[in-house]
Amino acid sequence: LNINIAKIDDLIKVKGISKNKASKIIALRNKSGGFKAMKNIEKIRGIGPKTVKRMESYFYAGEINERKN
């Protein structure tokens with residue numbers, strides 16, 4: 001799933017991503033205009049390389065205007 005269109009319910013399916021962290025991911029995504037790379041999520045306090053690696057099993061950084069099916 002494209003991280004740039006994922007919703008809170010999608011994000012919290014990943015081990016280690018709480019509702020609070022999911023909200024922070026969405027806030028950063030909205031503020032920055034989207035993620036160009038999954039690594040950019042590490043800017044959020046409490047999310048490091050291991051969490052991003054885990055997230056990459058579920059998400060990728062795609063086009064911001066991509067439709068969710």
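What span should the 14 residues of H2 have at 1.5 Å a residue, and how far apart are its end C-alpha atoms? The expected figure is 20 Å, and the end C-alpha atoms of H2 are 20 Å apart, so the two agree. Keep in mind that this is a predicted model. Here's a quick tour, starting with that helix and moving on to the core and a charged pair.

**Helix H2**
- Ala22, Ile25, Ile26 and Arg29 are the buried residues to look for in H2.
- Looking down the axis of H2, you'll find its buried residues within an arc of 95°, so they line one face of the helix.
- That fits a general pattern: an α-helix has 3.6 residues a turn, so residues three or four places apart point the same way.
- The partners for the buried residues of H2 are helix H1 (8–11) and H3.
- Right after H2 comes Gly33, with a positive phi near 85°.

**Nonpolar core**
- The largest nonpolar core has 16 residues, and those touching the most other members are Ile3, Leu11, Ile17, Ile25, Ile41, Met55 and Phe59.
- H2 (19–32) and H3 (49–55) each put in at least two residues, with H2 giving the largest share, three residues.
- Setting aside neighbours within four places in sequence, Ile41 is in contact with Ile3, Ile25, Phe35, Ile47, Val52 and Met55.

**Charged pair**
- There's one salt bridge by the rule used here, and it joins the side chains of Glu42 and Lys39 at 3.7 Å, N to O.
- Glu42 has 26% relative accessibility, so it counts as partly exposed.
- Lys39, at 55% relative accessibility, counts as exposed.

Key: Residues numbered from 1 in each chain as written. Predicted model: local features only at pLDDT ≥ 70, side-chain atom pairs only at ≥ 80, totals over all residues. Heavy atoms only, no water. Core = buried A, V, L, I, M, F, W, Y, C linked by side-chain atoms within 4.5 Å. Buried < 20%, exposed > 50% of the residue type's maximum accessible area, 1.4 Å probe, protein only. Helix = DSSP H or I, 4+ residues; strand = E, 2+ residues; numbered from the N terminus. Contact = heavy atoms within 4.5 Å. Salt bridge = Lys/Arg side-chain N within 4 Å of Asp/Glu carboxyl O. Expected span 1.5 Å × (residues − 1). Arc of directions from axis to C-beta.
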